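Please open the model in a viewer and keep the selection tool at hand. The tour below proceeds stop by stop, with something to select at each one.

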Amino acid sequence: MVDGDKAVSAATELVGSDRQPTAVGAPPDAPLGVVDIGSNSVRLVVFEGASRVPTLLFNEKSLCGLGRRLMDTGQLADAGVACALKALRRYRSITQALEVSALHAVATAAVREAANGVEFVRRAGECLQTPVRVLSGEEEAELSARGVLSGIPDADGIVGDLGGGSLELLNLKHAGLADRTTLGLGPLKLMGEGMAAARSQATMAMKAVPWLKSAKGRSLYLVGGAWRTLARIDMAQRNYPVRVLQQYEIGADRASLLCQRLAGMSRHELEALGEISERRLDVIPYAAMVLEALIAAAKPKRLVVSSYGLREGVHHAALEPALQACDPLLEGARAMGTRYGRPVSLSGEILTFIDPLFRVEAPRQRVLREAAVLLSDIGWRLHPDDRAVGVFHRVLRSQFSGITHPERAFLALTLLMRYGGSSAGVESATAADFLSSEEVEAARILGRALRTAHTLCGHATGTLCHFALELDADALILKVDTPYADFVGEMVERRLAQLASALGVSHRVDTR
């Protein structure tokens, strides 16, 4: 295996600087593993390879509670150590079986603060057969922020990463790393003090961070399992139709009220919610209280959940600079198109063919349109009766990053229309909950344009260059090279008429 300590050291040295991390030397298609030894959980994530949007091959955590008694004893808990070492031996076996060629192991707050942390790191390294790097609070914050940026490249606001032993805060300005700090406000630390004392400590700690005031009216990006649990609770209470945590948004006022309620609930009341694992029940009230204090101090406009954090930051830092710069949505759409569709070489032809319909287009609209084109053939192996609905749900719930929930709805509705789905069905109504009437209409037009393009060329590459669309104030015109006139049959005429109707114009076919 590649020396994980050197890889993470290089990554953290460069985070926040003007230089870019270099690749760690693993083959691009080789599985890459990250072990994250936290104050509450020990986790292994194995990524498919060094790609911009890697697929998870394996993802498992053990809630060991290494830091559960740290405040009282100054030591990692014996039971937690035994649990963690057992998990690490299993993770070693898994990574060997998966032929992981690069394994990065990091440890955070509890291990760096415990008197027996050095001994634990030695034993953990023996279990994993790779060095374990103990991150400083600053390194932990920076890698968490890099993870957020890998999934939300335009993130601008405060990143808060709540672990069991500490809270890392970092100020993102124009996708750059600015102020940062570490606070000892992890729930496992606070639980021994009681809620009233813990709340006072959290409030005072937040007041001592002067740059938090710069978050007013901006976004607060939430990282960490406890805060993701709060988001799941909010989703359930809202009966939210898209159970995808990445870039789930909550208004600050709503989030503050939720935190107040959860911080005051008994264990029995929390159990009744049905969204909290048994081993997080004691943690959630303190995690909620810390978030409530952070909202009060920072006064953000909204909270945005990031499923990407430290582990994804380690992975992202190991990529070549050219890969780091790629758009995660387009890379994810390209990967899905390659996996489920026919040759994606047709995508460029379709994009060029429909360009004349979208002369006035914002940069973000162009990205979404390109993503829709890359995804426009992913339903071809599905049963015809299920294509439209099946593709809708696949796109709506897929593991894309770099995309908001309304944008997910736009792409899903576009693909529903591309496969001839109903504009009056349940799926369309679900998408419409996220979109304005103008956005719904734009999805309908784009979907019908894609349907027309695929029907016209019969999914054959090298064909669409013999056709061209023109759109003027009154008509949609399909220009056809004379030798290819026979490609225009009844079905093409029908698709063209549907597209023209969506555009509010007439249509005709001209040979050239």
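**First stop: Glu99**

Select Glu99, which counts as exposed because its relative accessibility is 62%, over the 50% cut-off. The model is a predicted one. Glu99 sits in the loop that runs between helix 3 (78-97) and strand 4 (102-107). Its phi is near 55°, a positive value in a residue other than glycine.

**Second stop: His459**

Move next to the loop between helix 21 (437-457) and strand 12 (467-471), where His459 is found. His459 is not a glycine, yet its phi is positive, about 65°. Is His459 buried, partly exposed or exposed? His459 counts as partly exposed, because its relative accessibility is 28%.

**Third stop: the whole protein**

Now zoom out and colour the chain by secondary structure. The protein has 22 helices and 14 strands. Its radius of gyration is 25 Å, close to the 24 Å that the globule rule gives for 512 residues, so the protein is as compact as a globular protein of that length. Along the principal axes, the C-alpha trace spans about 85 × 50 × 40 Å. Of the 512 residues, 55% are buried. Among contacts between residues at least 6 apart in sequence, 71% join residues at least 24 apart.

**Fourth stop: helix 9**

Select residues 225-238, which form helix 9. This helix has 14 residues and reaches 20 Å from its first C-alpha to its last, close to the 20 Å expected at 1.5 Å a residue. Helix 9 is mostly covered, with ten of its 14 residues buried. Among the buried residues are Gly225, Trp227, Arg228, Asp234 and Met235. Just after the helix comes Asn239, whose phi is positive, near 55°.

**Fifth stop: the largest pocket**

Helix 9 also leads to the largest pocket, as it supplies at least two residues of the lining. To find the centre of this pocket, select Pro54, Leu56, Tyr308, Gln399 and Phe400, which lie nearest to it among the 39 lining residues. The volume of the pocket is about 1,000 Å³. Strand 2 (41-47), strand 3 (56-63), helix 13 (310-317) and helix 15 (328-340) likewise each supply at least two lining residues. Which element gives the largest share of this lining? Helix 15 does, with five residues. By class, the lining divides into twelve nonpolar, 14 polar and 13 charged residues.

**Sixth stop: the cavities**

The model holds three cavities of 30 Å³ or more. The largest cavity has a volume of about 410 Å³. Select Ser41, Leu162, Gly163, Gly224 and Gly225, the closest to its centre of the 32 residues that line it. Helix 9 appears again here, being one of the elements that give two or more residues to the lining, together with strand 2, helix 6 (137-151), strand 6 (157-162), helix 7 (187-190) and helix 13. This lining has ten nonpolar, 14 polar and eight charged residues.

Finish at the second largest cavity, which holds about 100 Å³ of space. Arg342, Pro343, Val344, Ser347 and Asp377 lie nearest its centre, out of 13 lining residues. Helix 16 (345-354) and helix 17 (363-374) each supply at least two residues of this lining, and helix 16 gives the most, with three. Six of the lining residues are nonpolar, five are polar and two are charged.

Definitions and conventions. Residues are numbered from 1 along each chain as its sequence is written. This is a predicted model: local features need pLDDT of at least 70, side-chain atom pairs count only at pLDDT 80 or more; totals for chains, interfaces and linings use all residues. Side-chain values use heavy atoms; hydrogens and water are left out. On a 1 Å grid over the protein atoms alone, a cavity is a set of points where a 1.4 Å probe fits but cannot get out, and a pocket is an open set with protein on both sides within 12 Å along at least five of seven lines; lining residues have an atom within 4 Å of a point. Grid points are joined across faces, edges and corners, and a volume is the space filled by probe spheres set on the points. Helices (H or I, at least four residues) and strands (E, at least two) are DSSP runs, numbered from the N terminus. Ala, Val, Leu, Ile, Met, Phe, Trp, Tyr, Cys and Pro count as nonpolar, Asp, Glu, Lys and Arg as charged, and the others, Gly among them, as polar. Buried means under 20% relative accessible area, exposed over 50%, partly exposed in between (1.4 Å probe, protein chains only). The expected span of a helix is 1.5 Å times one less than its number of residues. The radius of gyration is taken over C-alpha atoms; the globule rule is 2.2 Å times the number of residues to the power 0.38. Contact means heavy atoms within 4.5 Å.
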